[in-house]
Amino acid sequence: MHRMITLVFLLIAGQWLQTVQALESKAIYQMHEDNVLQIRVLNRETGKKSSIGSGFIVGNGRQVATNFHVISQIVTEPERFYISYLSKNGHSGALKLLGLDIAHDLALLGSELPLGQVNKTSALPPKGSPIFAMGNPHDLGLTIAVGTNGGILNQTDDSRILFSGSLNPGMSGGPTYNDNGEVIGINVATARNAISFIVPSLYLNRLIDLVKKEPLNAKQNLKAEVTQQLIEYENNYLKDILDQDWPKIQLRQLSLPGAISPTVRCWDNSRKLTDKALYKRYQINCANQNQVYLDSRNKFVGNLNYHYFWLESDELNTVQFYNLYQKLNEAKIGGRVSQEVMSNFHCNTWFVDVSQQTFKTSLCRREYIEYEGLSDILFTAALTGHDNKGFFIRLTMTGIDYDASLPLIQKFMESIEWTH
Amino acid sequence: MDALILEINTQGLHRYHVIDKPRTRIGRAFDNDIILSEPTVAPYHLDIICDNDGNIELHNLADVNPALFNGQAEQSVTLNTLPININLGRVGARILLPHQPVADTKTLAGNGRSRHLFSHAVWGILFIALCLIASSVDFHSHSFTNYKWDALAKFVARDTALYLAGLVFFLAILERLIFNRWEVKPLIVVISLTYLMFQLISPLIAELNYILTSHLPELIFEITWYAVLMPSIASLYLIHINHQNRNKSIGLAILLCSPLIILSAIEVTQVLGYLDNFSASANYHRDLSPLNWQIDETNSITSFIEQAQSLSPGVASP
């Protein structure tokens, strides 16, 4: 009987809560439906959409905030595309690029004419608070998605808020409101299953301030600007990592750098071997979570991944062991890329003394053709000189200044300790 | 007059005729003194007239393919210095004195009766056994799990025995078709010996790669093995087992090995391409060795980083 009463109570309470939330989202939608725009990148020759996203009116009323990835074609192919907005009431017009914040995937656009009421920004509400994301999913019209604030994610270098709600393609660049209808962030990405990400509004405010002082001009080399911002961000990121004491993890006889930054997560990735296997292998993979969108061809850069791989056997003879060790000694960066986007790899190999053990190390770099100064780096080091023990590291960094990566590699190697 | 010798070149042993009459006529027709059944020889091609003073008159009788005397086209010529080289159409010949040296000859072994060292069955059995042992060792050294004997037997049977048998069969058929000879035993020995050499040299080359921290040994081996060693083995086989002359053997060996030469050239190009052509993956030196001998010095971390600073950027494809 008690269970029955509890169930009825919960059902009534649930209905009441739903009604309250529906009212809030309806009010916010009505409050902002004229301030949220569809952002379209149009082909100059056909006049048709190449990509769409969302944006909202900010700053002086003639400025629109959106994501960089929504309008990135303007940077890569300015001669082919231009930006336009479409409001809910059908008004449209051209927009020009005023400012970029590559690290936080933000762009500020400008119109010749006033566009409407400006969205006010606000600080992030407490964790668990309801928040409301608006945008144009799949070009189906303006909508609002209700969810909760999951807080700022330190694994994204504080550049993302976790939004427990559904963002869909086309909503990127749209505003996320608190229950007062103030912008707390900008929709940016989704991991599906109601796990989405929002850029905190404080980065938007910084961009608006920056544009007031120093707006981009039409003749500026946008790729150089992107490269400069990216290098600046990555260099600061690496400096922060280098300034910290690194936690250690023990992998068999080696003491190794653990999660070297709050943005890095390490996972055990040791594969289960069959009972017949005459060896043991252990693998730990560490990777950062704060990748930065570059463009539609290169996608994301700013990856920092390192893998530890330990191999040992008491049953294989030395020749067998080394055949296996060499077979497993391979490393790759990312997926397929074309030669229009990247240069060829250039590698060199050294034997290096690390904690009184000799490592065969290789360092490779390749360059981003359109972004001079950006490189992908692959560093590997394989332990040598043991009959039945093997260990190698694969460290990869993408979209980074080569020279800035070397201190990290140096500290990495210096942090490795052979324990007896 | 003294008798003379007419040496007529042929593919195998040369033919010899004694010229002991004052006048000898050569041609394709049956009423000639010496009949040359060859389509480029005229019915009546050459008259040879000898006198007692040792002079030899040569008269060309052919309208098509006139005879050449010591490389010269003459209608008639009188010579007294021997030997005289003559060309009658495609046929080469020489007029010699009986004491003058003729082409070397030797008695060749009959079909399948080669008396060469490698023609003994015991060598064939020994080398095949060694191949199977080498294959077993290879399987074992590349097995990283507990395996059963049947897996080893399957590998050896499929990857070595069947492969070698197939190769012997193919080459024996080819030999039969080209030379009308059937030399299975020497073929088994040569093929299994080549296989053994490859099995022994390959690990040494990998070791050399590691010692020098370079892909050059592998590259040189690839070129040498397929473009030099294999044609050499094939031409030696053709000379000693099939009794072909040297030039023909070398030409034929290159022809027979040309698929391997082309494949190795492609492979070498690919290896070079690791460095020159665009590749989405980094082709760094990943060889490892249980011996751990290297000629490169071992650097401190600081020295490594200093050297790494001068690592030149990757090159964009043109």
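Which residue of β12(B) does Phe351(A) stand opposite? In this predicted model, Phe351(A) faces Thr298(B), a residue of β12(B). The strands concerned are β20 of chain A, which covers residues 346–354, and β12(B), and they pair in the parallel sense over two bridges. The points below take up chain A, then the contact between the chains, and then some backbone features of chain B.

**Chain A**

- Chain A holds six helices and 24 strands, and its C-alpha atoms fill a box of roughly 75 × 75 × 40 Å when the box is taken along the principal axes.
- Among the 420 residues of chain A, 44% count as buried.
- Of the contacts in chain A with a separation of 6 or more, 63% are between residues that stand 24 or more positions apart.

**Where the chains touch**

- The contact between the two chains involves 53 residues of chain A and 39 residues of chain B.
- On the side of chain B that touches chain A, the elements giving two or more residues are β12, at 298–299, and α6, at 301–308.
- The most is given by α6(B), which supplies five residues to that side of chain B.
- Sorted by class, the side of chain B that touches chain A has 21 polar residues, 15 nonpolar residues and three charged residues.

**Backbone features of chain B**

- Most residues other than glycine have a negative phi, and most peptide bonds are trans.
- The peptide bond that runs from Leu82(B) to Pro83(B) is cis, with omega near 0°, and Pro83(B) is placed in the loop between β9 (76–79) and β10 (84–88) of chain B.
- Asn180(B), which is not a glycine, has a positive phi near 55°, and this residue is found in the loop that lies between α2 (149–179) and α3 (184–212) of chain B.
- Because just 9 other C-beta atoms lie within 10 Å of its own, and a residue with 12 or fewer is classed as exposed, Asn180(B) counts as exposed.
- His243(B), likewise a residue other than glycine, has a positive phi near 55°, and its place is the loop between α4 (216–240) and α5 (246–276) of chain B.
- His243(B) has 15 C-beta neighbours inside 10 Å and therefore counts as partly exposed, since that class lies between the limit of 12 or fewer for exposed residues and the limit of 20 or more for buried ones.

Note on methods: Residues are numbered from 1 along each chain as its sequence is written. Chains are lettered from A and ligands numbered from 1 in the order in which they are written. This is a predicted model: local features need pLDDT of at least 70, side-chain atom pairs count only at pLDDT 80 or more; totals for chains, interfaces and linings use all residues. Helices (H or I, at least four residues) and strands (E, at least two) are DSSP runs, numbered from the N terminus. Two residues are in contact if their C-beta atoms, placed from the backbone, lie within 7 Å. Ala, Val, Leu, Ile, Met, Phe, Trp, Tyr, Cys and Pro count as nonpolar, Asp, Glu, Lys and Arg as charged, and the others, Gly among them, as polar. Two strands pair if DSSP finds at least two bridges between them.
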